[in-house]
Amino acid sequence: MAKFIYSMDNILNIKRKLENQAKIAFAQANTKYNEEDQKLKDLCLKKVEYDAILRDSLNGEKKLDLAELTKCRNNINVVKKMIQFQVIEVNNAKRIRDEQRLLLQEKIKERKTHEVLKEKAFEQFKRELMKEEAKEIDGLISYTYSNNNDK
């Protein structure tokens with residue numbers, strides 16, 4: 001019996017490897033995005049803490065300490081700037097993650113296309129094999145019939 005050999009099997013293997021690489025790149029980009037997003041959330045929490053400290057200092061029953069108020073406002077301003085920078089970093093990480101997702105989807109599509117081509121080639125191989133078997137059976141039947149009629 002003949003063995004099925006797909007002529008573009010090496011291309012299919014390359015497509016699988018490229019898909020795996022794209023999966024790794026997407027996972028790394030997604031991890032980076034999550035890290036940057038967490039940094040942004042942490043900065044926002046820090047700003048909320050500083051706002052609460054400032055509010056407590058202004059509403060407190062103790063004396064107003066101008067040095068403490070100035071320090072707190074400076075801290076809030078620094079955190080605001082850091083938040084602005086971090087928003088840019090989060091957006092960049094998100095853009096990269098989205099690009100990697102699209103690339104991964106493209107690689108998956110390419111691999112699936114080649115797998116469908118391989119399946120079609122295998123189905124064609126089976127049809128040709130069945131035709132050959134049918135010819136052999138017809139030949140055997142014809143030979144047997146002609147031998148029986150000759151007697």
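Biologist: Leaving aside its neighbours within four places in sequence, with which residues is Lys-15 in contact?

Modeller: The general idea is to look past the residues that come just before and after in the chain, and to ask what else touches the side in question. In this predicted model, Lys-15 is in contact with Glu-110, Arg-111 and His-114, once its neighbours within four places in sequence are set aside. Lys-15 itself lies in helix α1.

Biologist: Is Lys-15 buried or exposed, and how should I read that word?

Modeller: Buried is a matter of a cut-off, namely a relative accessible area under 20%. Lys-15 has a relative accessible area of 18%, so this residue is buried.

Biologist: How many helices and strands does the chain have?

Modeller: One begins by listing the elements, and here the list is short to write down: the chain has 2 helices and 0 strands. The helices that give two or more residues to the largest nonpolar core, to which we shall return, are α1 (9-59) and α2 (66-150).

Biologist: What radius of gyration does the chain have, and what would a compact globule of 151 residues have?

Modeller: The idea is to set the value of the chain beside the value expected for a globule. A compact globule of 151 residues would have a radius of gyration near 15 Å, whereas this chain has 35 Å. The spans of the C-alpha trace along its principal axes can be read beside that value, and they are about 130 × 25 × 15 Å.

Biologist: Which share of the contacts in the chain with a separation of 6 or more comes from residues 24 or more positions apart?

Modeller: Such pairs account for 85% of those contacts. One example is Gln-86, which has its place in helix α2 and is in contact with Glu-36, Lys-39, Leu-40 and Leu-43, leaving aside its neighbours within four places in sequence. Gln-86 has a relative accessibility of 7%, so it counts as buried.

Biologist: Which residues make up the largest nonpolar core?

Modeller: To read a core, one first names its members and then asks which elements supply them. The largest nonpolar core has 7 residues in all, and they are Tyr-33, Leu-40, Leu-43, Val-79, Ile-83, Val-90 and Ala-93. Of the elements, α2 gives the most to this core, with 4 residues. Ala-93, one of the members, touches Lys-32, Tyr-33 and Glu-36, not counting residues up to four places away in sequence.

Biologist: Where is Lys-118, and what does this residue touch?

Modeller: Lys-118 has its place in helix α2, and it touches Phe-4, Tyr-6, Asp-9 and Leu-12, not counting residues up to four places away in sequence. Its relative accessible area is 25%, so Lys-118 is partly exposed.

Biologist: How many Å apart in space are Lys-118 and Ala-67, C-alpha to C-alpha?

Modeller: Here one reads two separations together, the one along the sequence and the one through space. Lys-118 and Ala-67 are 51 residues apart in sequence and 75 Å apart in space, C-alpha to C-alpha. For Asp-51, placed in helix α1, and Glu-115, the separations are 64 residues in sequence and 58 Å in space, again C-alpha to C-alpha.

Biologist: What part of the 151 residues do buried residues make up, and how much accessible surface does the chain have?

Modeller: Buried residues make up 20% of the 151 residues. The accessible surface comes to about 11,800 Å², and 56% of it belongs to carbon and sulfur atoms.

Definitions and conventions. Residues numbered from 1 in each chain as written. Predicted model: local features only at pLDDT ≥ 70, side-chain atom pairs only at ≥ 80, totals over all residues. Heavy atoms only, no water. Rg over C-alpha atoms; globule rule 2.2 N^0.38 Å. Buried < 20%, exposed > 50% of the residue type's maximum accessible area, 1.4 Å probe, protein only. Contact = heavy atoms within 4.5 Å. Areas by Shrake-Rupley, 256 points an atom, 1.4 Å probe, with all protein chains shown as cover. Core = buried A, V, L, I, M, F, W, Y, C linked by side-chain atoms within 4.5 Å.
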